[in-house]
Amino acid sequence: MEKSKVLVVGGTGYIGRRMVKASLAQGHPTFVLQRPEIGLDIEKLQMLLSFKAKGATLVEGSFADHKSLVEAVKKVNMVICTMSGSHSRSHNILFQLKLVEAIKEAGNIKRFLPSEFGMDPARMGDALEPGRVTFDEKMIVRRAIEEANIPHTYVSSNCFAGYFVPSLGQLGVLTPPKEKVCLYGDGNVKAVFVDEYDIATYTIKTIDDPRTLNKTVYIRPPENTLSQRQLVEIWEKLTGKKLDKFSISKEDFLASMEGKDFALQVGVAHFYHIYYEGCLTNFEIGEEGEEAATLYPEVNYKRMDEYLKLYV
């Protein structure tokens, strides 16, 4: 079967750059939106040129120029948007409404994958303020997609390993604790941690798969469904060193929001849902969804002991 042509929007971002590489690796004609808004950000330009050297096609287009977006979309039949939804980076979720309008006008897209790649926003209707803004905005985009009758796939990839695993779940840091570690509650609530390249690999596999059309795909590799305490134990085994453990109650954790900047408050709210409520694992995938590791057992996903070895 002929591989679909893929346009990656946000291709220089954290997940986007991996999506471009995965698309090329799986043999798709791959296009990357080159936005004039990058200005003098030479690192982004050089990354785009590195994609071009590997076979990708750069397509100019701007969210400030509707016609340019329509023309970019017309060159492909699949669109994947990976623009950041993180308040600690750049938060651009609602920019996608302009992309939805362009896709609607172009009329040729077989599948659109909006920027989700985290918790399933459809399951976060009772999320806490201010963290719920992420889910509310993603649902605004979903409604626009569905009202425009655009074929789609939503990807819920759970916790990006780089942000959650080396820190052993410590908020606000990216590297392993040296002496002590804070456990959320008893530390036994299960979450799901996924290597970022595996997220891209699974995502690209969905785009030509009729089983994932108009569904949510959950990336929940079974061996990466772990509690915070299990992650700590993996780290202790790798290093041969025990960490001092202390626990924080959900009440004290939520109280820690007070006086923090907005981005950190959002982070606290999201951590609460993950580590206290178990929002990533406290449900069964129904008929509206599919599980990536089940659909694509050939993917040898990275386990978290292997991921952590880099930090030893």
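# A guided reading of the predicted model

Pro 130 sits in the loop that connects β5 to α5 (132–147). The structure described here is a predicted model, and this loop is a useful place to enter it. The peptide bond between Glu 129 and Pro 130 is cis, with omega at about -5°. Phe 117 is also found in the loop between β5 and α5. Its backbone has a phi near 55°, which is a positive value in a residue other than glycine. With a relative accessible area of 5%, Phe 117 is buried, since the limit for that class is under 20%.

From this loop one may step back to the chain as a whole. The chain holds twelve helices and 13 strands. Its radius of gyration is 20 Å, close to the 20 Å that the globule rule gives for 312 residues, so the chain is as compact as a globular protein of that length. Along the principal axes, the C-alpha atoms fill a box of roughly 55 × 45 × 35 Å. Of the 312 residues, 53% are buried. Contacts within the chain often bridge long stretches of sequence: among those between residues at least 6 apart, 80% join residues at least 24 apart.

The strand β5, which precedes the loop of Pro 130, belongs to an open sheet of five strands. The order in this sheet is β3-β2-β1-β4-β5, and the pairing is parallel. At the edges stand β3 (57–60) and β5 (111–113); each has a single partner strand, so one side of each lacks a neighbour in the sheet. Neighbouring strands of the sheet are turned against each other by 25° on average, with direction ignored. In general, the strands of a sheet pair through backbone hydrogen bonds, either parallel or antiparallel. One pairing can be followed in detail: strand β1 (residues 6–9) and strand β2 (residues 30–34) run parallel and are joined by three bridges. Val 6 has Thr 30 in β2 as its bridge partner.

A further open sheet has three strands, in the order β7-β9-β11, and its pairing is mixed. Here β7 (159–160) and β11 (225–227) are the edge strands, each pairing on one side only. Between β7 and strand β9 (residues 190–194) there are two bridges, and the two strands pair in the parallel sense. The bridge partner of Phe 160 in β9 is Val 194. Helix α8 (residues 228–239) lies across β9 and β11, and runs at about 90° to β11.

The approach to β7 has a backbone feature of its own. Asn 158 is found in the loop between β6 (153–156) and β7. Its phi is near 65°, again a positive value in a residue other than glycine. Asn 158 counts as buried, at 7% relative accessibility.

Helix α7 (residues 196–206) is mostly covered, with eight of its eleven residues buried. Among the buried residues of α7 are Glu 196, Asp 198, Ile 199 and Tyr 202. At the start of the helix, a side-chain oxygen of Asp 195 comes to within 2.9 Å of the backbone nitrogen of Tyr 197.

Another loop leads back to the three-stranded sheet. Thr 281 is placed in the loop between α10 (262–277) and β13 (289–291). At 27% relative accessibility, Thr 281 counts as partly exposed. Apart from its neighbours within four places in sequence, Thr 281 is in contact with Lys 190, Ala 191, Val 192, Arg 220 and Thr 225. A polar atom of the Thr 281 side chain lies 2.9 Å from the backbone oxygen of Lys 190. By contrast, Thr 281 and Leu 264 are 17 residues apart along the chain, and their C-alpha atoms are separated by 24 Å.

The cysteines complete this reading. How many disulfides does the chain contain? The count comes to zero. For Cys 279, the closest cysteine sulfur is that of Cys 159, at 7.9 Å, which is too far for a bond, because a disulfide requires the two sulfur atoms to be within 2.5 Å. Cys 279 counts as buried, at 9% relative accessibility. Cys 81 is buried as well, with a relative accessibility of 0%.

How values were computed:
Residues are numbered from 1 along each chain as its sequence is written. This is a predicted model: local features need pLDDT of at least 70, side-chain atom pairs count only at pLDDT 80 or more; totals for chains, interfaces and linings use all residues. Side-chain values use heavy atoms; hydrogens and water are left out. Two strands pair if DSSP finds at least two bridges between them. Helices (H or I, at least four residues) and strands (E, at least two) are DSSP runs, numbered from the N terminus. Axes are lines fitted to C-alpha atoms, for helices over the stretch in contact, and angles run from 0 to 180 degrees between N-to-C directions. Buried means under 20% relative accessible area, exposed over 50%, partly exposed in between (1.4 Å probe, protein chains only). A polar contact is a pair of N or O atoms within 3.5 Å; within protein, one must be able to donate a hydrogen and the other to accept it, and residues adjacent in sequence count only if both atoms are side-chain atoms. The radius of gyration is taken over C-alpha atoms; the globule rule is 2.2 Å times the number of residues to the power 0.38. Contact means heavy atoms within 4.5 Å.
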